[in-house]
Amino acid sequence: MSTPRVIVIGSGIAGLSAAWRLARAGFSVSVLDKAERPGGRVWSEVKSGFIVDKGPWLLSNHDQHLREALRELEQANEFCELRSAERAQYHRSGVDEIDPYEVRGVMRIPGVRFYDGLRIFRLPRLMRSYAELLDPVQPEQAASLDFRSMSDFVGLYFGVSSLHRWAGPWLGSTSLADEKTASRVLFLLHVAKQLGSTPAVLRSGFAGLIRAITERVETRLGVDVTALNLAPTGEIEVSFWHSEVEERETVDAVVVATGPAQALNLSKAALSYPEEQFLAASRGCAGLCLTLGLDHVFAKNARLIQVPHSENLPIESIWVEPGGGGGRVPAGKTLIRITATRVWAAAHMEAADEVIQKELIAAAGRIDMRFQGERSMSDVSRIPNACPSFEVGRYRELARFYQVQEDQRARGRRLYFAGDYLQGPSIEDAFVSGLRAADRTIADLNPN
Ligand SMILES: Cc1cc2nc3c(=O)[nH]c(=O)nc-3n(C[C@H](O)[C@H](O)[C@H](O)COP(=O)(O)OP(=O)(O)OC[C@H]3O[C@@H](n4cnc5c(N)ncnc54)[C@H](O)[C@@H]3O)c2cc1C
């Protein structure tokens, strides 16, 4: 039998993880991406000696699949655990170090009422009772818990002050989730993944990881895929534009690792009605970040400052990374990354860089005057669909989507989907969704 031929559409982290697993399983794989650089939302640049992550920047030591991949790609040294990193939270009278990961720590967060804090002691018991359903690799298994919002759930079990001062800022600072509409499953999975974790970054940003995979898998850039046609024999014809020429290629299987809107456009003709509905209902939020390079050091340790929405600032979080500690920031300098709230980001997507800089730096100065210090680098990044939303009901829709996928596979359709919108709002989630799509492809095309 000849080697099965697979096309992966999209060179984001989901597409690359799928392609890499397929290549290692002996398949002939090509990744096609319409962009001129690989990585999708994962993207870093070096600017004035600073590594600027334009999209994601923060990982955790619990990101097992990504860490495993780094080891296999001989990039394990890139993973830099920041054991001394602090988490802090802003409130009107200042910035306090907090510990959102631990029950006693939550009780000490400024603004969490004493009796609400005491109720957090119920969390470990609740987590144990849900444990069987909360599998970060198969989030759809928690569909039966997906009938309540995070705000209803946290408000009911732990009190409103815990929602606004603990759960909301904790989840928002990493996934930009809206506490009012987010499913409680998103929050519970976050707790399951993050409890006891340590933040981490990649020493040279994400460029090395992306390069390591694209060196091992054929990746064709500037290739805009426009349609997929499924032949009755099971093969799939992929139509795309490359250098202003329309081309077609026929393969045994396709993994669509684009965002949901593009996935719908490309594969509409091959989708069942529930799949169309699922993709059409996928939502994401805008992301806007300002990265500053300061010419001095004012903190010993890296620090993530969360900003509760009730403080009415345009900022969701501020990451402070001092140089000189063996990390990736030049000695004597500090990297500051200010992430805007999703609401502010959506309203300022089209604003001029100068306006964004002025407003975010002014707001950051209210948190700590030192953020307004002399800087040698400034960078604005804006991404319209930065993070997928997992609102109430989304995990039930996800479970249905996967069920329909199984039915279609059983009928011989060799079309698979990958992306963070199918898994969770992080690189690790996107990476895992690529592995899951590859595993299905391997099982179908290579049953032995
Ligand atoms: C500002 C920001 C901050 C973030 N912070 C963090 C963080 O700190 N930690 C964390 O873990 N996660 C973070 N994330 C989330 C993380 O970046 C994403 O979850 C992940 O990168 C999504 O990868 P993906 O492969 O699913 O999608 P994408 O990266 O969007 O990849 C999709 C690819 O498909 C291609 N494509 C689309 N249509 C076509 C077509 N027709 N033909 C060919 N190619 C096509 C696109 O060009 C793109 O390359 C952040 C995201 C953003 C934007």
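1. Let's start at the ligand. Several elements each supply at least two residues of the shell around it: helix 1 (13-24), strand 2 (28-33), strand 11 (223-230), helix 10 (260-267), strand 15 (284-294), strand 19 (375-388) and helix 15. Keep in mind as you read on that this is a predicted model.

2. How many residues surround the ligand? The count is 38, and the closest are Gly10, Gly12, Gly40, Pro56 and Ser426. Sorted by class, the shell has 20 nonpolar, 12 polar and 6 charged residues.

3. Where does the ligand sit relative to the domains? Domain 1 is made of three stretches, 5-40 + 207-282 + 390-445, and domain 2 of another three, 44-83 + 199-204 + 284-388. Both domains give residues to the shell, so the ligand lies between them.

4. Helix 15 is worth a look of its own. It covers residues 427-445, which makes 19 residues, and it reaches 27 Å from its first C-alpha to its last. That is close to the 27 Å expected at 1.5 Å a residue. Is helix 15 mostly covered or mostly open? Mostly covered: 14 of its 19 residues are buried.

5. Now for the sheets. Strands of a sheet pair through backbone hydrogen bonds, and they can do so in a parallel or an antiparallel way. One open sheet here has 5 strands in the order 10-2-1-14-20, with parallel pairing. Its edges are strand 10 (218-221) and strand 20 (415-417), each of which pairs on one side only. On average, neighbouring strands of this sheet are turned by 20 degrees against each other, direction ignored. Strand 2, which you met in the ligand shell, belongs to this sheet.

6. Zoom in on one end of that sheet. Strand 14 (residues 253-256) is joined to strand 20 by 3 bridges, and the two run parallel. If you want a pair to find on screen, try Val255, which stands opposite Tyr416 in strand 20.

7. Another open sheet has 3 strands in the order 5-9-6, and this time the pairing is antiparallel. The edge strands are strand 5 (59-60) and strand 6 (79-81), each pairing on one side only. Strand 9 (residues 199-202) is joined to strand 5 by 2 bridges, and Ser60 stands opposite Pro199 there. Towards strand 6 there are 3 bridges, again antiparallel. On that side, Glu81 has Ala200 in strand 9 as its bridge partner.

8. Stay with strand 9 for a moment. In a regular strand the side chains alternate between the two faces of the sheet. Which residues of strand 9 point which way? Pro199 and Val201 go one way, Ala200 and Leu202 the other, and all are buried.

9. Leu202, found in strand 9, is a good residue for practising the burial count. The cut-off for buried is 20 or more other C-beta atoms within 10 Å. Leu202 has 25 C-beta neighbours inside 10 Å, so it counts as buried. Leu202 and Glu78 are 124 residues apart along the chain, yet their C-alpha atoms are separated by 5.1 Å.

10. Strand 16 (residues 303-306) repeats the alternating theme: Arg303 and Ile305 point one way, Leu304 and Gln306 the other, and all are buried. What does strand 16 pair with? Strand 7 (residues 86-91) is joined to strand 16 by 4 bridges, running parallel, and the bridge partner of Ala88 is Ile305. Strand 17 (residues 315-322) also pairs with strand 16 over 4 bridges, but in the antiparallel sense. There, Leu304 is partnered with Trp319.

11. Finally, two backbone angles to check. Ser48 has a phi near 50 degrees, a positive value in a residue other than glycine. It is found in the loop between strand 3 (44-47) and strand 4 (50-53). Leu176 also has a positive phi in a residue other than glycine, near 60 degrees. Its place is the loop between helix 7 (160-175) and helix 8 (184-194).

12. Are these two loop residues buried or exposed? Ser48 is partly exposed, because 14 other C-beta atoms lie within 10 Å. Leu176 has 25 C-beta neighbours inside 10 Å, so Leu176 counts as buried.

Notes. Residues numbered from 1 in each chain as written. Predicted model: local features only at pLDDT ≥ 70, side-chain atom pairs only at ≥ 80, totals over all residues. Pairing = 2+ DSSP bridges. Axes fitted to C-alpha atoms, helices over the stretch in contact; angles between N-to-C directions. Expected span 1.5 Å × (residues − 1). Buried ≥ 20, exposed ≤ 12 C-beta atoms within 10 Å, placed from the backbone. Near = placed C-beta within 6 Å. Nonpolar A, V, L, I, M, F, W, Y, C, P; charged D, E, K, R; others polar. Domains from an automatic or database assignment.
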